Amino acid sequence: MPEPFRTEPPKCIARIAGAMYLITMATALFGEGYVRGSLLVSESAAQTAQNIIYSQGLFRLGLATDLITFAGVVVLVWSLHQLLQPVNTKLALLAAFFRLVEVGAHFSAVAFGLAAASLLGGGEYVKAFNAEQLAGLAGLALRAQGAGLTIGFIPLGIGSAIFAWLLFQSAYVPRVLAGWGIVSSLMLAIYAIAWVITPSTTDFFYLAMLPMFIYEVGLGLWLVVNGARTGTTSAA
């Protein structure tokens, strides 16, 4: 076993990670909670289509906000990798790979939202469809977008759990907070896997998301205010 050594974490990198946690959470809440929450009606494709037609600008703003969120996650992953690679290089790289797979899935999901907006935006190529057909096609595109976002929670949860484990080992943040991160991240991944098996799992969406929200906001605030504490780690 290598001898433990004390390492001084770069506070600038830690604060970048904290800021990105808070920024991406805020933009994600706007896109998911405000935009899609106010426009999408799960029980009615027709009503959803009408909402998007009358609020095309808001819907597209939500998609643009999603792109900003996912770009911010890339910066977050980079900063966490930089912060935690001295703790365990291989695990930090594995966590980064999982989170980048998440980003790829989420970026791709935005394309389905754009497809729905195009179907409902009018134009020559949609004249062959009546209003009911367009609403159905747009609804399918939006369901595909939602599926892409949910599937992305699997690599998100796994990667986040690994990063949280490294934070726990390093003691850069309170171990209670890091331990909560491990549990909440795995809960999110398990929820997404369960959703693939049983779509009715959506009834537990907020139950799966709330612990992750508490963890990411709490960790973001800690890192912004305190940076990262000097911790005792083992050479990787």
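Start by selecting Ile162 and looking at what surrounds it. Leaving aside its neighbours within four places in sequence, Ile162 is in contact with Leu91, Leu94, Ala95 and Phe98, where contact means heavy atoms within 4.5 Å. Ile162 itself has its place in helix H6. Helices here are DSSP runs of H or I with at least four residues, strands are runs of E with at least two, and both are numbered from the N terminus. Is Ile162 buried or exposed? It is buried, with a relative accessible area of 13%. That word has a cut-off: buried means under 20% relative accessible area, exposed means over 50%, and partly exposed is in between, using a 1.4 Å probe and protein chains only. Now add Ser185 to your selection: Ile162 and Ser185 are 23 residues apart in sequence, and their C-alpha atoms are 8.9 Å apart in space.

A word on what you have open. This is a predicted model, in which local features need pLDDT of at least 70 and side-chain atom pairs count only at pLDDT 80 or more, while totals for chains, interfaces and linings use all residues. Residues are numbered from 1 along each chain as its sequence is written, and side-chain values use heavy atoms, with hydrogens and water left out.

**Zoom out**

Show the whole chain as a cartoon. You should find eight helices and two strands. Follow the chain along its sequence and the pattern reads β-α-α-α-α-α-α-α-α-β. The C-alpha atoms fill a box of roughly 70 × 35 × 25 Å, taken along the principal axes. How much of the protein chain is buried? Of its 236 residues, 44% are. If you consider contacts between residues at least 6 apart in sequence, 81% of them join residues at least 24 apart.

Switch on the surface next. Its accessible area comes to about 11,500 Å², and 72% of that belongs to carbon and sulfur atoms; the areas come from the Shrake-Rupley method with a 1.4 Å probe, and for residues only the protein chains shown count as cover.

**The ring pair**

Back to side chains. A search of the whole structure finds three aromatic pairs. To visit one of them, select Phe70 and Phe107: this pair is edge-to-face, at 5.6 Å centre to centre with 75° between the planes. The rule is that rings of Phe, Tyr and Trp (its six-membered ring) pair if their centres lie within 6.5 Å; planes under 30 degrees apart count as stacked, over 60 as edge-to-face and the rest as tilted. Why does this pair tie together parts that are 37 residues apart in sequence? Because Phe70 lies in helix H3 (residues 56-84) and Phe107 in helix H4 (residues 89-120). Check the cover on each ring, too: Phe70 counts as buried at 8% relative accessibility, whereas Phe107, at 34%, counts as partly exposed.

**Around Ala171**

Go to Phe168 and Arg175. The charged end of Arg175 sits over the ring of Phe168, 5.2 Å from its centre. For that label, NZ of Lys or CZ of Arg must be within 6 Å of the ring centre and within 35 degrees of the ring normal. Now click on Ala171, in the loop between helix H6 (153-170) and helix H7 (175-197). Its phi is near 60°, a positive value in a residue other than glycine. Most residues other than glycine have a negative phi. Ala171 is buried, with a relative accessible area of 18%.

**Ser79, Asn88 and Ser42**

Select Ser79 in helix H3. Ser79 counts as buried at 0% relative accessibility. Which residues is Ser79 in contact with, leaving aside its neighbours within four places in sequence? They are Ile13, Ile16 and Ala17.

Then hop to Asn88, in the loop between H3 and H4, which counts as partly exposed at 22% relative accessibility. Draw a distance from Asn88 to Ser42: they are 46 residues apart in sequence and 44 Å apart in space, C-alpha to C-alpha. Ser42 has its place in the loop between helix H1 (11-39) and helix H2 (45-54), and at 60% relative accessibility it counts as exposed.

**Last stop: Phe205**

Finish at Phe205 in helix H8 (residues 205-226). Phe205 is partly exposed, with a relative accessible area of 21%. Leaving aside its neighbours within four places in sequence, Phe205 is in contact with Phe153 and Tyr191. Glu132 is 73 residues from Phe205 in sequence and 29 Å away in space, C-alpha to C-alpha.
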